[in-house]
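Student: I have a protein model open and I'm not sure how to read it. Can we go through some of its features together?

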Amino acid sequence: MATRAECEEHVDYVETAALATEAFATPGLVFDPERLRWFYERCFSLGSTVIALRDGDHKVGQFCMVRQTMMVDGRPEPAAQLVDLFVSPKYRGKEALKSLYEKMIKAGGTRLSVKPSGIPVMDDLYEELPNFAEVLDDLRKHIALCADSRDGMEVPPMLLLGEP
């Protein structure tokens with residue numbers, strides 16, 4: 001299978017919805033082309049970039065980066081957040097992901113932002129790093145705020161050793 005990754009100038013939302021439905025393979029879950037159109041074109045003020053993985057003319061994978069502005073040290077910075085990644089089951093593997101990510105880096109040109117979907121279980125970290133409980137508490141608060149908002153993850157600098 002010789003695949004290639006490319007930036008899509010015009011997204012075929014019917015094809016994309018069918019691919020997402022196939023990739024997630026969840027009974028009763030069918031992706032709606034118009035919802036994808038709304039999400040990719042209207043939901044984020046700075047737009048989005050779709051990187052497609054193709055085998056010939058057939059779309060077999062993709063991810064979408066949405067562009068937004070985030071505040072870093074009180075200054076607005078352009079950012080891109082990876083929001084969708086799905087690949088047809090028969091095309092999954094390191095090479096497919098490597099191809100997609102290499103194209104993402106070339107197409108990006110902005111700071112990448114992380115958006116956690118929930119608060120991770122951190123009990124093992126508290127046990128392994130008992131002296132960092134206060135720092136872990138602070139990180140947990142930032143993750144919780146981020147998970148419940150539309151914003152990307154941003155953690156302010158922390159002094160871990162020495163006098164401020």
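Tutor: Sure, let's begin with a term: a residue is buried when its relative accessible area is under 20%, exposed when that area is over 50%, and partly exposed in between. Keep in mind that this is a predicted model.

Student: Are Glu-8 and Lys-59 buried or exposed?

Tutor: Both Glu-8 and Lys-59 are buried. They also form a salt bridge, with their closest N and O atoms 3.1 Å apart. That pair ties together distant parts of the chain: Glu-8 sits in the loop between E1 and H1, while Lys-59 is in strand E3, 51 residues apart.

Student: How do I recognise a salt bridge, and how many salt bridges are there?

Tutor: Look for a side-chain nitrogen of Lys or Arg within 4 Å of a carboxyl oxygen of Asp or Glu. By that rule, the count here is seven. Take Glu-6 and Arg-54, whose closest N and O atoms are 3.1 Å apart. Glu-6 belongs to strand E1 and Arg-54 to strand E2, 48 residues apart. Glu-6 is partly exposed at 23% relative accessible area, whereas Arg-54 counts as buried at 10%.

Student: Which residues are linked in a network of salt bridges?

Tutor: The network links Arg-4, Glu-6, Glu-8, Glu-15, Arg-54 and Lys-59.

Student: Why are Glu-41 and Arg-37 separated by about one helical turn?

Tutor: Because they're four residues apart in helix H2. They make a salt bridge too, with the closest N and O atoms 3.8 Å apart. Glu-41 is partly exposed at 45%, and so is Arg-37, at 32%.

Student: What about the nonpolar core? Which residues have the most contacts inside the largest one?

Tutor: For a core, you look for buried nonpolar residues joined through side-chain atoms within 4.5 Å. The largest one has 13 residues, and those with the most contacts inside it are Tyr-13, Leu-36, Tyr-40, Val-50, Cys-64 and Phe-86. H1, H2 and E3 each supply at least two residues, with the largest share, five residues, coming from H1. Leaving aside neighbours within four places in sequence, Tyr-40 has contacts that include Tyr-13, Val-50, Cys-64 and Phe-86.

Student: And which residues make the nonpolar patch on the surface?

Tutor: Leu-82, Leu-85, Leu-97 and Tyr-101 make a patch of about 290 Å². Strand E4 and helix H3 are the elements that give two or more residues to the patch. Leu-82, which lies in E4, is partly exposed at 34% relative accessibility.

Methods. Residues numbered from 1 in each chain as written. Predicted model: local features only at pLDDT ≥ 70, side-chain atom pairs only at ≥ 80, totals over all residues. Heavy atoms only, no water. Patch = residues over 30% accessible without salt bridge, like charges linked within 9 Å, V, L, I, M, F, W, Y side chains within 5 Å. Areas by Shrake-Rupley, 256 points an atom, 1.4 Å probe, with all protein chains shown as cover. Buried < 20%, exposed > 50% of the residue type's maximum accessible area, 1.4 Å probe, protein only. Contact = heavy atoms within 4.5 Å.
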